[in-house]
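Grab a pencil and your favourite viewer. Below are a few short exercises, each followed by a worked solution.

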Amino acid sequence: MKTFIAAPFGNYIKTRQSISVTGSWTVDRRTGRLIQIARTLRYTKRGWVNKIGLRNPGVENGIKKYKQSDVFSIAGIEKDDWKTFNKIIPDDFNLEINMSCPNIDKHYTNGIEDFTPDSRTWFIGKISPTTTFKELEHYIKFFGFKQIHACNTLPVSDGGLSGKELIPYTTKFIKHINDNYPEVETIAGGGVYSKKDIEYYRDIGANHISLGTVCFNPLKLRKLL
């Protein structure tokens, strides 16, 4: 079982015990990260909520910083983004395709099928809690994902919600993928704050674990790693 540090935390946290996911990178630069963090990042009774919206310095900046031990997370938010990604991202980059940020008006997926999964150790599809099983089938069969990361933050009125409320959604996807697509590995993310949480996901059949908002607490993160 591998442990992933989810984006955007993977931009800053690098350990020998984990795989860092960097990004999520968009084709064009999206400014205002610090302002959006200050304006929207809040801890509530339900968990962490944010409306940051994939703020990043652009994919070409990310490519310069990429290391083979990382996973490169990208998101297509304009119609022709996947054509651009396909031209400039090398065939041996490990990729996570983020199709599910709730703080983006629209995710485009046409063109993901042109990527070559066979040359990549990790070719991950990151899905939303609201993804349907029909959509999931399309992602797996048409795009050829080797791994599915379940799941991204839950859309709420103030942005995207992280934490324990994701566990039922992640559980549903892990069990469904194991039952219907045994050739696809699963990465369980959502509400992982203790070793008991990791054991729970392992016991229901998750192949790997993704750590996200627990990264706000370095002591807890260190214990998990």
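## Warm-up: a strand pair and its sheet

R42 has V49 of β4 as its bridge partner. Before going on, note that this is a predicted model, where local features need pLDDT of at least 70, side-chain atom pairs count only at pLDDT 80 or more, and totals for chains, interfaces and linings use all residues. Residues are numbered from 1 along each chain as its sequence is written, and side-chain values use heavy atoms, with hydrogens and water left out.

**Exercise 1.** Work out which strands form the open sheet with β4, and in what order.

*Solution.*
- Start with β3 and β4: 3 bridges join them, and they run antiparallel. Strands here are DSSP runs of E with at least two residues, helices are runs of H or I with at least four, and both are numbered from the N terminus. Two strands pair if DSSP finds at least two bridges between them.
- Extend the sheet: its 4 strands come in the order β3-β4-β10-β9, with antiparallel pairing.
- Mark the edges: β3 and β9 (154–156) each pair on one side only.

**Exercise 2.** Find the partner of D70 in a salt bridge, and decide whether D70 is buried or exposed.

*Solution.*
- Recall the cut-off: a salt bridge is a side-chain nitrogen of Lys or Arg within 4 Å of a carboxyl oxygen of Asp or Glu.
- Look around D70: the partner is K14, with the closest N and O atoms 3.3 Å apart.
- Place both ends: D70 lies in the loop between α2 (59–65) and β5 (71–74), K14 in the loop between β1 (3–5) and β2 (19–25), so the pair links parts of the chain 56 residues apart.
- Check burial (buried is under 20% relative accessible area, exposed over 50%, partly exposed in between; 1.4 Å probe, protein chains only). D70 is buried because its relative accessibility is 4%, while K14, at 45%, is partly exposed.

**Exercise 3.** Do the same for R46: which residue does its side chain meet in a salt bridge?

*Solution.*
- The partner is E165, at 2.7 Å from N to O.
- The two sit 119 residues apart, R46 between β3 (42–44) and β4 (47–50), E165 between β10 (159–161) and α5 (167–180).
- Both ends are partly exposed: R46 has a relative accessible area of 43%, and E165 comes in at 30%.

**Exercise 4.** List the buried residues of α5 and what they pack against.

*Solution.*
- The buried ones are I167, T170, T171, F173, I174, H176 and I177.
- Their packing partners include α4 (133–143) and β11 (185–189), with contact meaning heavy atoms within 4.5 Å.
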